[in-house]
Amino acid sequence: MISKEARDALNSPMPQSWVKHREGGGGKALSFAEGWQIIDEMNQIFGPGAWGYDTAPILVVDEERDGSKGKRWHVTYNCKCVLTVYGPNRESVTIGDWGTGHGIDKDRGVAHESAIKEACTDSTKRAAKSLGRRLGLALYDKEQRHVEQEPQPVSREAAGLIEMLTT
């Protein structure tokens, strides 16, 4: 069972500063959060060691192709991630999802490494989004109603002015 505090944190809005954009298929603009940010937030919410994951990449494409930059290896992996969150009494919640990664390089090993890492990160983020808005679910709403601007820090000058006006 996930604690009420953790559930509240998971369903809090995703900060706008985490949202990145890339072009997807058909020229569509896609929003995403970086993998390190999601992992860091799970550490903040649950604590290191109170969650974990297993990934299982599966090779889909491994071929050499000729192109404008010469021969390159094109590699694709699909990956299943099983994410587990542990409660205070070691009871657990398990969520799984799939992701995909592509690697292109003149070195076959580098192409495989890139594709595996991308697939594992993608599947981990996709599993994590099922835990709540803050871990990526907010990005599936086209209007992104649960993505919020963070309050801007107050400058020293403004803080001094505020203090003068309130004392």
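**Exercise 1. Find how much surface the protein exposes and what share of it carbon and sulfur atoms supply.**

Solution. Start with the total: in this predicted model, the protein exposes about 10,600 Å². Next, split that area by atom type: carbon and sulfur atoms supply 51% of it. Then turn from surface to interior: of the 167 residues in the protein, 34% are buried.

**Exercise 2. Write down the order of helices and strands along the sequence.**

Solution. Begin by counting: there are four helices and seven strands. Now walk along the sequence, and the pattern reads α-β-β-β-α-β-β-β-α-β-α. To see how contacts relate to this order, take those with a separation of 6 or more: 59% of them join residues 24 or more positions apart.

**Exercise 3. Work out the strand order of the three-stranded open sheet, and say which strands lie at its edges.**

Solution. Step one is the order, which is E4-E5-E6, with antiparallel pairing. Step two is the edges: strand E4 (51-67) and strand E6 (92-105) each pair on one side only. Step three is the angle: neighbouring strands of this sheet are turned by 10° against each other on average, direction ignored. Finally, look at one pairing in detail. Strand E5, residues 70-86, is joined to E6 by 14 bridges in the antiparallel sense. Within this part of the sheet, Lys80 stands opposite Trp98 in E6.

**Exercise 4. Determine which strands helix H2 touches and which strands helix H3 lies across.**

Solution. Take H2 (residues 35-46) to begin with: this helix packs on the sheet and touches E4 and E5. The direction of H2 makes about 175° with that of E4. Then take H3 (residues 108-129), which lies across E4, E5 and E6. Relative to E6, helix H3 runs at about 150°.

**Exercise 5. Decide how many disulfides the model contains, and check Cys79 and Cys81.**

Solution. Recall what is being sought: a disulfide is a covalent bond between the sulfur atoms of two cysteines. The cut-off needed here is a sulfur pair within 2.5 Å. Applying that rule gives a count of zero disulfides. For Cys79, the nearest cysteine sulfur is that of Cys120, 3.5 Å away, and Cys79 is in no disulfide. For Cys81, the nearest cysteine sulfur belongs to Cys79 at 6.8 Å, and Cys81 is in no disulfide either.

Is Cys79 buried or exposed? Cys79 has 0% relative accessibility, so this residue counts as buried. Cys81 is also at 0% relative accessibility and therefore counts as buried.

Note on methods. Residues are numbered from 1 along each chain as its sequence is written. This is a predicted model: local features need pLDDT of at least 70, side-chain atom pairs count only at pLDDT 80 or more; totals for chains, interfaces and linings use all residues. Side-chain values use heavy atoms; hydrogens and water are left out. Two strands pair if DSSP finds at least two bridges between them. Helices (H or I, at least four residues) and strands (E, at least two) are DSSP runs, numbered from the N terminus. Axes are lines fitted to C-alpha atoms, for helices over the stretch in contact, and angles run from 0 to 180 degrees between N-to-C directions. Contact means heavy atoms within 4.5 Å. Buried means under 20% relative accessible area, exposed over 50%, partly exposed in between (1.4 Å probe, protein chains only). Accessible areas come from the Shrake-Rupley method with a 1.4 Å probe; for residues, only the protein chains shown count as cover.
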